[in-house]
Structures are given as C-alpha cells and as structure tokens.
Amino acid sequence: MKRFSGIGVSPGVVCGRAVILMQRAQVLRYRILPSRIDHELGRLEQSRQRSRQQLHDIRASVAERRGPDLAAIFDAQLLMLDDPMLVPRAAALVSDTLVNAEWAVQQVFEDVSAVFDEIADPYLRERKGDVADLVGRLKMNLREGVVSPRDLLQQLDEASVLIADDLTPSLAAQVDWTKVRGFATDAGSRTYHTAILARSLEVPAVVGLHVASEEIQPGELVVIDGTNAAVIVDPDEETLDRVIREAHDRRPAAVWTEAARRPARLADGTAIRLDANIEFPEDLAAARYAGAEGVGLYRSEFLLTGGHEIPDEDEQYAIYRQMVEGMAPGLVTIRTFDVDEDQLALRSADPALGGSWIADEERGSRQGRRGLRLALAQPDLFRTQLRALFRASCHGQLRIMFPFVTSVEQIRQARAVVRDVIATLEREGVPVPAVPIGVMIEIPAAAYTADLLAREVDFFTIGTNDLIQYCLAVDRADERVSMLYEPLHPAILRVVLMVRRAAGRQRIPVSLCGEMASDPAILPLLVGLGLTEFSMTPGAIGVATQVLSERRLDDLRALARRVLTLTTVEDIEQELVAGLGRYSVKL
Ligand code: PEP
Ligand code: MG
C-alpha cells in the first residue's frame, strides 16, 4: 500500500484501476488486456505504414518545389521509421508490459531523447528534433479513427480512476464519469478550473500530487479519497472496506433538498441569496435541484471547449435562451468569455484532445489579453456574444457581466459597444429590454477603484479566486505555492470589505462568487462583513443554507469586527472556530 497526500478538491471516496493521462505529452497510458495485444500491435504497424506514405509524399513535394537537398531531411526520418530502436521497441513494450501503443511510443521517445541529450556533437544532438517530429507523426497516426481521449476512455473495459499530470477542464468535461469514477492530478489547487468542475460534477478528486502520474502504474488498484485529500495505491482490506462503507453511507443529495429548497435565511430571518456557479447549460437542473435562487455566474467560456467551432450567434442565442427560460423566474448572470488570446488560439490546436483551450497556459497566472481586454481587442467575437445575449434577454431575467476589468475606461468602451449592438438590434426590429450590466471585481486595481467603477455599472460580483491570486501574488494553479493561497489573509478580508462598502455607497448590488463562498467555515464571516448575496457550486448550497440558518446577523457582525482586528491567518482561523462553535451539520 502506498499513500500520496494532495489537496482534496471534491469530496467522496472511490476505487478503480488507474488510467494514466499525460496531458502535457498528450498521451493516455492504460493497461491493456493480454487479448488486446495483437490489436495494439496492428495499430502500431498501421501508424508506421501511414507515416511512411506521408513522408514519401512530403519528400516528393519538397523535392519538386525546393530541390533534392532539402528533401533529403525526410530520408533521415524514413530511415528512422525502420530503425529497430523505434517501432519494434515500442511493440516489445506493448507485448511485455501490456500498455497501449501511444504510451509505448512516448516511452521509447523519452529513452531515445535521453541518449541524444548526452551526445557532445551539437549537430547530432539536434537530430533529436527529427525524432520528435517522427514520434509526433506516429502518435498522430495512432489517433486516426479515434476522435478524442474521451473515446479512448470509453474503450476501457473496467471501472477506472484517472491519474493525470494535468487535466484541462475541456477534457474533464468530455470524460464519461460513469466509467471513470474519480481523478487525481499532479498539478492544481482548489481554484484550478478543473477542481471547480469536479465539484460541479460531484466526482471525487485530489489535486496537487506532484508526481502521482509518474509513480502510479497503469492498471494498479487506486483509491481516490477526496474527503481526506489522499490517493492510496494498492489499498489494504481495511481501506477497501472503508471505501465500500463510505460509498454506501454517502448522503444522497436529496437529504439536503427539503431545507435547501427554501431560500437561505439566518436564524433571525435575514434573507441571504444563494445562486449557483455553472459551467454548462446542462448544470441548470442541478442548480435548481440544489435550491439555487438563480445563476450568479455562468462561465460562458466553457462554450469554447470541446474542439468544435466557436458557436455562432444563433447557437449562442439558443443556449442563453435555454438558460434564462430554464431558471425562470430566477435571475441568470452570464459572464462574457473569460479566455485569453493564447487559449483561444490553442482551442483548435489539437482536435484529438478536444481543442484543449486551457492546456499548460492554465498553469500560468494568465495576465495577457484576457476577458474584457480580449473582447475589446476582438470586437467581432464580443459583438456576436452580446447580440446573442440581448436577443435572449427577452425570454427571462438576464444580467451581463464582464470579466477581468481593470479600469473605468474599459467599462466605457464596452458600454459603447453595448449601445451600438442594442441600436443595431433595434434597427432590425428586435426588442431589447433593459439588461443590467456588471463587472467582476477580481483584480486589485478594480477593487481599489471600486468606488469609481460603481458609478459606471449596475452590479458587482467579487471574484475572489483571481482576487486572491493577484493580491497575494500566488498563482492559483501552481501547487508549489498553494499553501500561500489564503482566503483568510487580512488583505483579502479588507479588500472584500472595501468593495462591499463601495457598492453600498453607490447602492448597487454586490455578490461574491469565488470558491471562498462555498467554504462553510468562511461563509458566515463574509455575511458578517456585510455581504448578502453569494454564488457557489450547486453542491455547496445545501450545506451553506443549513450553516446560515444556525447564525444570527448580530453575532456574525461582531465576529467580523473581531476578525478585522487580528493580524495573522492562524489567529483568524482560531477566532472563527471559537466564534462559530460547532455546527449541528457534519461538514
Ligand atoms: C473568480 O475569479 O473568483 C471567478 C469566480 O472566476 P474564475 O474562477 O472563472 O476565474
Ligand atoms: Mg476569475
């Protein structure tokens, strides 16, 4: 038995055979049954034949256009294709270690690369590029007929758990989670987009494991314990018993529904609004079921995932309309695309990976042309989305929200585009009701000028996921600094209070939609700081409703006053434990 500790981002405990995904190398590694060896070897040989044909074709066309010298480069690759070090070694790995062909090719490449790295002659060392090119071709040809890793994952014969170096939300969204019971990744933190998705899919998940994808072997029996932030390989009988017991005891979501379906109220009757954060239109049902009053954040950029074309105006209109009608009479806040230029360019880079628009870039802090900045730089994309949104607004209660805003100027520019879109629609005879326009306050510059921004918009939503990362200078997806990602840092509490006050002075509504809101230990403090509207993952609404129903506003205000005098996170945590006492609900 071997245990890895990470960050538990989605509760629950499951067990299954490991399937390893190397997202960065874009290969899936899984154990094949002995009866599948011939099939895998056949795929490998077919890939070699296709590659050979393609290289001959390329060689001929280069020779014709650029002369024989340049074409000779491809002779080297054709020779390598028949080298015993490459395809035959991969075939041996398939038969001897029962792994899939993609993984065997990748493994051979890594071994060969290591040899090249040791060569002193720079000319020879650079030939590694040719090997990489050829291996890329072999892998591409292995994918022929296989549309995406989702299809690969569907070919698995038994219940599995997915162990990945990294897992983009676009890929996670395509996995069949009835076959794949849970996942664990080397990368990530609680606010990593895939972690957010895991909670909304209610799939147990542990992230931030550093080396799990290298150390766990495909086919090993693995327990993913999201509740206790652990991954256990080759579990003993006692652990397996616990998995079975907990799976059996797991409270069905319905336990919460009676209380949760009623709007949340504090013990003294103060109304607190709880909305849902959703990533896919299909999540609407879960949001309603969980008792959400509305949708406080629809991350519309998830429409851009999945490897298909960007939905056109009519397609977007149909989706937004479905959302407002599905949530009626509740309010739906749709955030315009929060992607950056690189993500947009990447989304079509590899259709076989489902157009993974948040690949390695997700791991950076993403401070480029993102959100509203990108919208203003690519007005066509922005206008199409705005037209679809305004057309859908006739069908229900819609609010439009801009992400990643830093200045009044940006809001004014965006509002000018909005006016123009409305005028055009009206000229076309499309009725456009008044739609509130708001912004996310998720960058310190916006928080510090919240009093100025409040005069330009109809509402604020505080996005603490990004606000924490930028205030504390901690990359939210980098597991090496995840201990420093601290929602209870005094700077964060002060900044939240400052934004709440700025909104209050201007009498505009303000809600908070970061992950912080779904933490039942922190939510009462946020209420004490004066917030009354929150948006969270649907699965968190039931507990939040229960926790709030046990507290009085006066007590929470007093708690917040005490917390604001404290200087360290540890003191604040202690005050929360002492001040809130135990809940009747088991968290
Ligand atoms: C946030 O930044 O807090 C937020 C809710 O948006 P996202 O997590 O999509 O960046
Ligand atoms: Mg954000």
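These legends go with several close-up views of a predicted model.

**View 1. Gln77, a buried residue in helix H2****.** Start with Gln77, which sits in helix H2, the stretch covering residues 68-81. Its relative accessible area is just 1%. Buried is the word for anything under 20%, so Gln77 counts as buried with its 1%. Now look for Asp133: its side chain and that of Gln77 are joined by a polar contact of 3.1 Å. Setting aside residues up to four places away in sequence, Gln77 touches Leu55, Asp130, Asp133 and Leu134. That puts Asp133 on both lists, as a polar partner and as one of the residues touched.

**View 2. The largest nonpolar core****.** Here you're looking at a set of 98 residues. Five of them have the most contacts inside this core: Tyr320, Phe390, Phe402, Phe460 and Phe534. Helix H22, residues 490-505, hands over the largest share of the core, namely eight residues. There's also another core, lying apart from this one, and it has 64 residues. Among its members are Phe4, Val99, Ala195 and Val222.

**View 3. Phe534 and its contacts****.** Let's zoom in on Phe534, one of the residues with the most contacts inside the largest core. Skip its neighbours within four places in sequence, and Phe534 is in contact with Ile272, Arg273, Leu274 and Asp275, and also with Ser511, Leu512, Ala517, Leu523, Leu526 and Val527.

**View 4. Ligand 1 and its polar partners****.** How far is Arg299 from an oxygen atom of ligand 1? A polar side-chain atom of Arg299 lies 2.7 Å away from that oxygen. Arg476 also brings in a polar side-chain atom, 2.8 Å from an oxygen atom of the ligand. With Gly463 it's the backbone that takes part: one of its polar backbone atoms is 3.3 Å from a ligand oxygen. Taken alone, ligand 1 exposes 290 Å², and the protein buries 100% of that.

**View 5. The shell around ligand 1****.** Step back a little and you'll find 15 residues surrounding the ligand, the closest being Arg299, Arg335, Gly463, Asn465 and Arg476. Which elements supply at least two residues each? They are helix H9 (193-201), strand S11 (295-299) and helix H21 (464-472). H21 gives the most, with three residues. Sort the shell by type and you get six charged residues, five polar ones and four nonpolar ones.

Notes: Residues numbered from 1 in each chain as written. Chains lettered and ligands numbered in written order. Predicted model: local features only at pLDDT ≥ 70, side-chain atom pairs only at ≥ 80, totals over all residues. Heavy atoms only, no water. Helix = DSSP H or I, 4+ residues; strand = E, 2+ residues; numbered from the N terminus. Buried < 20%, exposed > 50% of the residue type's maximum accessible area, 1.4 Å probe, protein only. Polar contact = N/O pair within 3.5 Å; in protein donor to acceptor, adjacent residues only side chain to side chain. Contact = heavy atoms within 4.5 Å. Core = buried A, V, L, I, M, F, W, Y, C linked by side-chain atoms within 4.5 Å. Near = heavy atom within 4 Å. Areas by Shrake-Rupley, 256 points an atom, 1.4 Å probe, with all protein chains shown as cover. Nonpolar A, V, L, I, M, F, W, Y, C, P; charged D, E, K, R; others polar.
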